[in-house]
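Okay, thanks for having me, everyone. I'd like to walk you through one chain today, so let's get it up on the screen.

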Amino acid sequence: MPPVADGRFGAELRRLRMSARLSLRQLAPLALSSCGHLHALEMSRRQPTAELAARLDDVLESDGFLSGMLHPAPVPRGPERLTYVAQHPRCAAQPWTSLPEMLAADRRLEDTLGSTPLLPAIRTQLDLAATLVAETSGALRPQVVDLAAQWASSAVGCTPRATDVASRPGGIGAALE
């Protein structure tokens, strides 16, 4: 499992790069990386590998500072895995922060195409939501239940046949009980 960078890794990388008076375009070939990847690291959208952190330390002459910001990723198994992943995201934004935009996009798509072509995707989304609700416990559960309820509500609004998906045995309704 790749290491997990300290939450300040991206900001420190940017600070070191700026101190060295290097642009992303200049740093990328020196670190054997791409501008886009380095930018994603600086914005905390991606996690660095240990090898890349070491190359960046060499190029930026930071004496192992960036490599020291990497920690092993002990990912637990079972229900605790969801809690761990929520507490140690690989990107800065939480996935549920974009829910309103995703639901609005789904509604626009349904307005354009009709509901029938969307049913397989809706079923898959509701099955995933049901699995997440069933497997989540602890402090994270209320957020996951809220997200699943919003998704189910959107699916029911999309088409009356989606209620069959939400209420079938093992579906989101059963997971919420």
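One bit of vocabulary before we look around: a residue is called buried when its relative accessible area is under 20%, exposed when that area is over 50%, and partly exposed in between. Hold on to that, and keep in mind as well that what you're seeing is a predicted model.

So, the overview. The chain has ten helices and two strands. Reading from the N terminus, the order goes β-α-α-α-α-β-α-α-α-α-α-α. There are 177 residues, and 32% of them count as buried. And here's a number about how the chain folds back on itself: take the contacts between residues at least 6 apart in sequence, and 65% of those join residues at least 24 apart.

I'll start with helix H1, residues 9-19. Which residues of H1 are buried? They are Phe 9, Gly 10, Glu 12, Leu 13, Leu 16 and Arg 17. These sit on the same side of H1, because they cover an arc of only 165° around the axis. Now turn the helix around: on the face away from that buried side you find the exposed residues Ala 11 and Ser 19.

What does the buried side pack against? Quite a list: strand E1, helix H2, H3, H4 and strand E2.

Let me pick out Glu 12, which belongs to helix H1. Its relative accessible area is 16%, so Glu 12 falls under the 20% limit and counts as buried. If we skip residues up to four places away in sequence, Glu 12 touches Phe 65, Leu 66 and Met 69.

Next, the helix partners. H1 and H4, which spans residues 50-60, have axes that come within 10 Å and cross at roughly 25°. That angle is why we call H1 roughly parallel to H4. The crossing of these two is left-handed. As for who meets whom, Phe 9, Leu 13, Leu 16 and Arg 17 come from H1, while Ala 53, Leu 56 and Leu 60 come from H4. Sort the residues of that contact by type and you get six nonpolar, no polar and one charged.

Now H1 with H3. Their axes are 7 Å apart, and the packing angle is about 120°. H1 and H3 are therefore oblique to each other. On the H1 side of this contact we have Gly 10, Ala 11, Leu 13, Arg 14 and Arg 17, and they meet Leu 38, Leu 41 and Glu 42 in H3. This time the split is four nonpolar, one polar and three charged.

Let's go over to H4 itself. Its buried residues are Leu 52, Ala 53, Leu 56, Asp 57 and Leu 60. Looking down the axis of H4, you'd see these buried residues within an arc of 145°, so they line one face of the helix. The face turned away from them carries Glu 51 and Asp 58, which are exposed. And what covers the buried residues of H4? The cover includes H1, H2, H3 and E2.

Okay, on to the loops. Pro 48 is in the one between helix H3 and H4. Is Pro 48 buried or exposed? Buried, with a relative accessible area of 2%. Leaving out residues up to four places away in sequence, Pro 48 touches Pro 3, Ala 5, Phe 9, Leu 41 and Leu 70. Take Leu 70 from that list: Pro 48 and Leu 70 are 22 residues apart in sequence, but their C-alpha atoms are 8.3 Å apart in space.

That same H3 to H4 loop also holds Ser 44. Ser 44 isn't a glycine, yet its phi is positive, near 60°. At 24% relative accessible area, Ser 44 is partly exposed.

There's another positive phi at Arg 21, about 55°, and again this residue is not a glycine. You'll find Arg 21 just after H1, in the loop between H1 and H2. With 75% relative accessibility, Arg 21 counts as exposed. And following H4 there's Glu 61, where phi is positive too, near 50°.

So if you take one picture home, make it the two helices we looked at from both sides: H1 with its buried residues on the same side, and H4 with its buried residues lining one face. Thanks, and I'm happy to take questions!

Methods. Residues numbered from 1 in each chain as written. Predicted model: local features only at pLDDT ≥ 70, side-chain atom pairs only at ≥ 80, totals over all residues. Heavy atoms only, no water. Axes fitted to C-alpha atoms, helices over the stretch in contact; angles between N-to-C directions. Helix = DSSP H or I, 4+ residues; strand = E, 2+ residues; numbered from the N terminus. Parallel < 35°, antiparallel > 145°, perpendicular 65-115°, else oblique. Left-handed = near helix turned anticlockwise from the far one by under 90°. Contact = heavy atoms within 4.5 Å. Nonpolar A, V, L, I, M, F, W, Y, C, P; charged D, E, K, R; others polar. Buried < 20%, exposed > 50% of the residue type's maximum accessible area, 1.4 Å probe, protein only. Arc of directions from axis to C-beta.
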